Amino acid sequence: MDPQAGPPPGMPPFSGPARPPMTLPNGQPPWVQQQQFSAPPVNGHHNQQQQQMRPPQSGPYPPPPGVNGPPPFMNGPQKPPPQFQNARPSPVPVDSPNRNSPLMMGTNKDVPGPFSGPPQSQAGFQPRPPITMQQPFPNSQSPFPGQGPPPPGVGSQGPPYLQGGPPRPPLNLGGPMQAPPMGMPPFSGPASPPQAPPGANIQYTSPSGPPSFSNPNQPPTSMPYTSTPSAPPAAPLNQPVAISSANYGSALPTPASYSTPAMHQQTPAPQQQPVAQQAPPMANRYPPQNSAQSPVYPSQQTARSPVFPQPTTKSMDGLTTQMGSMSVTQQGFNRLWGNMETYDLMQMRNILPPTKVEAPRVNLQHSFVDAQNCSPDIFRCTVTKIPETKSILDKSRLPLGILIHPFKDLSQLPVIQCNTIVRCRACRTYINPFVYFIDHRRWKCNICFRVNELPDEFQYDPVSKTYGEPTRRPEVRSATIEFIAPSEYMVRPPQPAVYLFVLEVSRAAVDTGYLKLVCDILLEELDNLPGDSRTQIGFITYDSAIHFYELAEDAQQPHMMVVGDIDDIFLPCPENLLVNLHEDFELVRDLLAELPNKFQGNPEPSSALGAALQASFKLMGSTGGRVTVFQVTLPSLGPGALQPRTSGGSKDASPLLNPAIDFYKRLALECSAQQVAVDLFLLNSQTADLATISGIARFSGGCINHFPDFHAASKLHSEQLTRCFRRYLTRKIGLEAVMRVRCTRGLAIHTFHGNFFVRSTDLLSLPNVSPDSGFGMQLAIEENLSDMQNVCLQAALLYTSSKGERRIRVHTLCLPIASNISEVIASADQQCIVGLLTKMAVDRSQSSSLSDAREAFINVAVDVLSTFRATQNMGGAGSGLLAPHSLRLLPLYIVALLRHPAFRASSNVRIDDRVYAMCQFKSLPLDSLMQSVFPDLYPLHCLTDEGALEIEGKVIPQPPRLHLSAEKLDSRGLFLIDTGDSLIIYVLRNINPALCRVLLGANSFEAIPDVMTELPVLDNQDSERMRAFVNYLKEIKPYPPPLQIIREDSKYRSRFMQYLLEDRSESSLSYYEFLQHLKTQVK
């Protein structure tokens, strides 16, 4: 049968072996026309490749309106079908492989069948039958190097994506057999022509410039009645597209026993582009490099095959392979009418976009289309459309919740100072851009719908100096705003900034060398501590006794007083333990210079942390403030003393995730009541039972920083502590804060996540709030929302600035309503879902077990993909593993979570490291959390200016992000991985000496130092590009993370390799194996 000819009417296209040819007496197939017409365009786009019309597909949908006349495969002359007019922007992406298909037309109708039964259980971590993670490949070879045998059910023919030539040797980064370089064809013979990745030649600039941080010591500049609206979020530049079976197979090894299925042997190779339009070979992976400006190395001159997803070939076979048993007609209807794009995760090898994953845009109704919604960097919901009923939410199997970063550093923040802050009289909601103005004198609350009066002051617009235009006020033009509160918002005068430093000086603590490092940093940053003329400071040291320091104004030097009765602690003197920083500045400096030498050689091994914390509470209780504790060993004396805990030989370490005693939690609640927050710096080399002592920080609104195996002699350790502690001392601080989140009637908050104490049902007590803290809340739908068009959530943070001003920061988020399951799934925010799931999983690990939390992650992926499959009415085992565009990365993120130290099923993870990772998941903002879950991997060996950002006159290259897999590593290059709190550059052994010389200043791979923490400043363009990119990554973070350069043969190699999360390990499946497992579970 001619592969270019279509099948008879009613027959599926090329499914199974070819049927015997059907011919007429004249020898022609019965569907050949006397006249041939080109395919009708979709939204004005013609198909240039297809020369014959595809026969109609059977399906439940009639032809869409506007397609007149009989189908083109009928005999006899026919009128050409009418052209579609491009009257509106096309809902089909330009780079879609099926954009030109003549079958992409139809309607979208809900199919009630899959959800006609009773509602399913609530989404999230609900009980379900356990899923046994069996090794899916028991007896044969893996489709990925070093990742186990192929999936069951794959015979000698092999799956359709395993083809492309003879087998490739397995990846071996450390041995003589090297992996092919990234993008290189894994076999000899003709390769596919090079194609530039989607958007490779697109130049773009940051819509709002680089993120800038406000002065940590100053509140945002007051801008009365004015605000600077931010630019709308930029649309994603590169959308992932389907990859052809030929390109996909060429990147995978094909076992010798596999044979290529006949259906895929018919797939023609992509047509060669005209020479004038072809990009240079490097454009297959990166933007083209200008050879006139930077050298081209021999390792960069070899032609490479594409790494990013490429469009499928436009033949019938390629389309059939891509869609599997999915209804092509239904796919066309979904694309044509703007519904969800569907991805087959088993075929989409490179599902990760090369650029940053942007937050989904919230599309409001026409009445609020011009209103500025809250930035997703501050306020996000797991869905951008709220289900109108609880039943729809339950059937969608998605968790419903919000993540908020309320005290984020902002460079543009409208600050309002007025006599009257306009609020709803019933629910106390602050006026915002989403209220309803009945007239110039009245407004309706968007939370409780009560009608309120506007004060006369609100009628005045100071910009135009006119009355009667309340809609021009900054309160109703910005979704994030800050008020300077009048005296009615104060129950006492604003407290001053008070800082107390509590330092362990036991033998083990002194041996680490941290004391001198911390005192030196404090000496440098004393002038930069947030505060005003009332700022106070004090110091306590402890080992088996508690040491207080009297800093009397008339004294010549600090005076140390020792209290040995740690079981009944008391203050040795009532005054001069906390002193004014500016009045006693010299005494404070003398004490910091003297402390490291005072305890040098201290033989005392014990630590009385509990007594030191009780003394701190007695000292700070009357004023409130911040206590900073440095702990190195396990508390062993006095109140709160602990004994080392072990799992007793059990593989389940879940009991160790909960506190052994409640002493630290009870003390934290007492501190919270007196506006005292405790921050913990843990620098232990042995177990310190962080699960127990972390309660003092978690329930007092503090933060936790962990530096395992710290020693000041290590340059990497000292640099990491120095940068973190410097940021901690100088960042903005909010004192005696409370936060409340209000939501539209019908929604309710039922669970809170973060470091705080819930003072009432919805009021969070935050003695201190920092710009590095995030919070999460789970929502429930209590009433039907079908009579609403939008719902709103508003977070209000009342705090005292370090300058003594009482301020209120308000964030308002407005979301539309979804009336069916498909809308809810299409509106999912996959990163926000992952952020909320991690917080829920931490609670599950502590209340149940770690294995239950891991199983719950898998259940979420299975439930969501099963629901999506049901909504699309795409049954059948041959349909692949289908996912919508909004959730296409969810399985990848879940694989990363299962490998994260917080949830990894391995006895090699130390219990304090696991607890710290869980504490971070509960309190990190979403952007930092996602960086920790799924780090960014970049190639550094061919940076160019194409697609670069320009910030303050500097050109910042933007290399593509790569999958976290060893197969993406070119043995002749160098790569950078960004984990959020560290940057690691990994240099492979076959790097070109010229590249090594211009980037690292070494003549060869062997000449690179074994310990290298800085990039050399070299006078060449390639070095400047790399340093500009690395410095950019440092500047966009709260504090610059330390950099480490590691050779492939270094003993520190595992620090980099542990982040290749998509590869198989001893205790976890690879990403592809995980997809195979999901496919067997999704029904």
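**Figure 1. Arg1047 and the backbone oxygen of Ile1008 in the predicted model.** A polar atom of the Arg1047 side chain lies 2.5 Å from the backbone oxygen of Ile1008. The Arg1047 side chain also makes a polar contact with the side chain of Asp1049, at 2.9 Å. Arg1047 belongs to strand 33, which covers residues 1043–1047. Its relative accessible area is 13%. Arg1047 therefore counts as buried, the cut-off being under 20%.

**Figure 2. Contacts of Arg1047 beyond its sequence neighbours.** Neighbours within four places in sequence are left aside here. Arg1047 is in contact with Tyr986, Val987 and Phe1005. Glu1006, Ile1008, Pro1009 and Asp1010 are also in contact with Arg1047.

**Figure 3. Arg428, a residue with positive phi.** Most residues other than glycine have a negative phi. Arg428 is not a glycine, yet its phi is about 65°. Arg428 sits in the loop between strand 5 (415–416) and strand 6 (436–437). Its relative accessibility is 36%, so Arg428 counts as partly exposed.

**Figure 4. Glu952, with positive phi in a loop.** Phi of Glu952 is near 50°. The loop that holds Glu952 runs between strand 29 (949–951) and strand 30 (954–956). Is Glu952 buried or exposed? Glu952 counts as exposed, because its relative accessibility is 76%.

**Figure 5. The largest nonpolar core.** This core has 179 residues. Which residues have the most contacts inside it? They are Phe379, Ile386, Ile546, Val629, Met777, Phe903 and Leu1078. Helix 16 (residues 850–872) supplies the largest share of this core, with 10 residues. Another core lies apart from it and has 44 residues. Among them are Leu503, Ala509, Leu526 and Leu551.

**Figure 6. The surroundings of Ile546.** Ile546 is one of the residues with the most contacts inside the largest nonpolar core. Residues up to four places away in sequence are not counted in this view. Ile546 touches Ile540, Thr541, Met561, Val562 and Val563. Ile566 and Ile569 touch Ile546 too. So do Ala608, Ala611, Ala612 and Ala615.

**Figure 7. The chain as context for the close-ups.** The chain has 23 helices and 33 strands. Of its 1083 residues, 58% count as buried. Among contacts with a separation of 6 or more, 77% come from residues 24 or more positions apart. The chain exposes about 43600 Å², and carbon and sulfur atoms supply 51% of that area.

Terms used: Residues are numbered from 1 along each chain as its sequence is written. This is a predicted model: local features need pLDDT of at least 70, side-chain atom pairs count only at pLDDT 80 or more; totals for chains, interfaces and linings use all residues. Side-chain values use heavy atoms; hydrogens and water are left out. Helices (H or I, at least four residues) and strands (E, at least two) are DSSP runs, numbered from the N terminus. Buried means under 20% relative accessible area, exposed over 50%, partly exposed in between (1.4 Å probe, protein chains only). Contact means heavy atoms within 4.5 Å. Accessible areas come from the Shrake-Rupley method with a 1.4 Å probe; for residues, only the protein chains shown count as cover. A polar contact is a pair of N or O atoms within 3.5 Å; within protein, one must be able to donate a hydrogen and the other to accept it, and residues adjacent in sequence count only if both atoms are side-chain atoms. A nonpolar core is a set of buried Ala, Val, Leu, Ile, Met, Phe, Trp, Tyr and Cys residues joined through side-chain atoms within 4.5 Å.
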